[in-house]
Amino acid sequence: MKAFLWASAACVALAGCTVPQSGVENLPVAQATDTSEDARIADLISRMSVERKVAQLIQPQINSFTAEDMRRYRFGSYLNGGNGGPYGNEYAEASEWLKLADEMYLASVEPMPGGEPVIPTMWGTDAVHGHTNIIRATIFPHNIALGATRDADLVRRVGEATAVEIEVTGIDWNFSPTIAVAQDDRWGRTYESYSEDPAIVAPLGAALVEGLQGRKGDPNRLGAGHVIATAKHFFGDGGTDQGVDQGEVTGDIEALKAIHAAPYPAAIAAGVETIMASFNSINGEKMHGNKSLLTDVLRGELGFDGLVVGDWNGHGQVAGCTNTDCPQSLLAGLDIYMVPDDWKGLLETTVAQVKDGTIPMARLDEAVTRILRVKMRAGLLGDMVQPSKRPNAGDYALLGSADHRAIAREAVAKSQVLLKNNGILPLKKGANILVAGRAADDIAQASGGWTLTWQGGGDLDNSYFPGATSIWKGLETAVKEGGGSATLSPDGQYSSKPDAAVVVFGEEPYAEFAGDRKHLGFTDEEGLGLLRKFKAEGVPTVAVFLSGRPMWVNREMNAADAFVASWLPGSEGAGVADVLTGATPATGKLGFSWPATCDFGPLNGPDGALFPVGYGRALTDTSPTEQLDEDCAPLLAGPTRALFEAGRLADGTFAFAVKPNVEGEGEYLAQMRGDLTDAGVTVRGYDRDAQEDAREVYMRAGSRFGLRQDRDSGGAYRIAYEVVTRPAAPVALRVGEDAVVNLTDHFALALGKGWREMLITDACAPGLGNRIRFETEGDITFRISSITREDVAEGTPCSF
């Protein structure tokens, strides 16, 4: 009953939300289990060995196992990571994804020795704003933008289109929707949240579940045009102290549930089949090992009967656990371990723990029952059909189809939130419009993280998005259709004075970890410079701000005549143009409080807000906006002291590789990831304490690789590193222009010693400077998890 009341309250409290016509509050909380379903599952389990049962619990990633491994071990499921792709190619065409799906499926259904039952595997993916691992797929706005629409029917249609595009590639399961209630916008996953208000989150999350899976009672639910959905992350992911990803959530448990667990009853009522456990801790206890919440609350109080899947090695963070040894998570209520690379060790350990009684057979059977029940509901245990022969599979015209792009364009238009307008909007028909800013013609930046790659952006130019429309292209078409002219000028230069300028700027793409911030002051001054330039030249301006969260942009807002929060709109930039030209009314409303100052903690509610939740002007509202305070201490603090940490380069820091026998800095690397074969350098993500929070660097003989700060922040360099292969020839670190530190002996001594730190001071690198560069005369592999700068006492020696 409590769960029923939570779901009802969430929907009823939502002002302005288009509630699903079926009314999620009127649906039963738990799935009714069919006795024949239970009997069939029990029969299958009775004929499975311990090894095959445990294999159902193991979920590796595609880059760490083969079809032969699938044939031997029979994993119950598998996934592609944010940077994973079939056969090692994250930019593979859709046909390659479908080919791999067939290979893994067919390996999983080969006859079993000894007559054990055959249990098909299933593939899970993070299609969090469309099937965005796939080139040509429709890229929908991120959840923060969908929250601004308040339109549950639209969100349901987004889910339906996403499910169809997932089916094209033969994938069964989507790790979406995120129904986090973000409470501190410094969190790097804020854009995955619909709102800071659970009453806004609940019906939208439920609507996406219905779109992905189909509505309960529909005979085609989980049939053609539908995939398995996942509500995540249970719970508290959006409530960590200081917005630190995977951090600590503290407070009275009932008060925390009232915010962070509130969206789950609606998702369960909508029939969500899977729920993902959260990385974070609740009052000191990691969710992946929290029995009172994963079992007592989620199962007992909320009535969830689907399966609970872990997040990327989340079980390894439980006290007393490692990635290969964690009975605690299974005993707490986890059903599937997401163990990307260490699957073999975990499988073997878990089998042994079942056989020695550490894990009761009854608990193992319970987890396997939940997994098989979801597979049965999804039709995977019926007539066994390989992925390429299922509905929509291989119909590549459905990827980015006109119908799906139309839904995305509608979502973009409805999500634009107009914060200021002195009368310049809508743009006048027949006007001469200048479109400025690097982001104007950058689909990757408009799409944000979780787009083709985990962190998004980087080297992804528009050629990676065939069929998509940048904001510039959308504006060019719309302005011309209105009888005017449009010119793209990223740097704002022009030969004849325009009637108005549209300046597109904002955050560079990021995802979890990398997106966490210490404050919400927007520091990139490209947009500010353009707006002030046009203001001085008497050119009216429209600021289009791309971001994954509200940010302090008082300076930009003062300089602009109109200001639009565009969020991360994705592949259909014409939706932005629809609002700017008045073809579509401005109806978006803030789902998050907009900050009045840049240096603050959680902001939820009107106190301290420049604009409250629900704010958003109509195009006809041209009331004046007061001059805003432009003082922001964090922006005046000087250059960053970090070059690389938490898996991301700091603003104003660049990684580069230099080809042998070439001077200068050579080719730039996006967020220290990439394969620069000609330069002899490969940099890939590596998990030290969290997903891709470090980098593994391979350097071929004669290669050079380094980092440079735009502005010298000063101080010694502290580098956290691990040596993977013994130096076969001299290795050096060039600091600044002239200083060279010989690392050969230090690296040889560090081999096999795990993570170490080197401190590079004036004592061994006089002058220091704003650049460091590794140079090697032989092949070498090492890892880096952070490079920071710090003030040290004069005379402090270098150390390794």
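The accessible surface of this chain, taken from a predicted model, comes to about 27100 Å², and carbon and sulfur atoms account for 50% of that area. Burial is the other side of the story: 63% of the 800 residues are buried.

On overall shape, the C-alpha trace spans about 80 × 70 × 50 Å along its principal axes. DSSP runs give 21 helices and 33 strands. The radius of gyration is 27 Å, close to the 28 Å from the globule rule for 800 residues, so the chain is as compact as a globular protein of that length. Contacts reach far along the sequence, too: of those between residues at least 6 apart, 77% join residues at least 24 apart. As for charge, the chain has 71 positive and 106 negative charges, and their mean positions sit 2 Å apart.

Now for the inside. Nonpolar side chains tend to be buried together in soluble globular proteins. Here are two of the nonpolar cores:

| Core | Size | Some members |
|---|---|---|
| Largest nonpolar core | 118 residues | Ile58, Phe234, Val272, Ile275, Tyr337, Leu372 |
| Another core, apart from the largest | 42 residues | Ile144, Tyr191, Tyr510, Trp567 |

The six residues listed for the largest core are the ones that touch the most other members. Take Tyr337: leaving out residues up to four places away in sequence, Tyr337 touches Leu57, Ile58, Gln59, His315, Cys326, Pro327, Ser329, Leu330 and Leu346.

One helix to look at is α11, residues 291-301, where Leu293, Leu294, Val297, Leu298 and Arg299 are buried. After α11 comes Gly303, with a positive phi near 75°.

Definitions and conventions:
Residues are numbered from 1 along each chain as its sequence is written. Side-chain values use heavy atoms; hydrogens and water are left out. Buried means under 20% relative accessible area, exposed over 50%, partly exposed in between (1.4 Å probe, protein chains only). Helices (H or I, at least four residues) and strands (E, at least two) are DSSP runs, numbered from the N terminus. The radius of gyration is taken over C-alpha atoms; the globule rule is 2.2 Å times the number of residues to the power 0.38. Contact means heavy atoms within 4.5 Å. Accessible areas come from the Shrake-Rupley method with a 1.4 Å probe; for residues, only the protein chains shown count as cover. Lys and Arg count as positive and Asp and Glu as negative; His and the chain ends are not counted. The place of a charge is taken as NZ of Lys, CZ of Arg, CG of Asp or CD of Glu. A nonpolar core is a set of buried Ala, Val, Leu, Ile, Met, Phe, Trp, Tyr and Cys residues joined through side-chain atoms within 4.5 Å.
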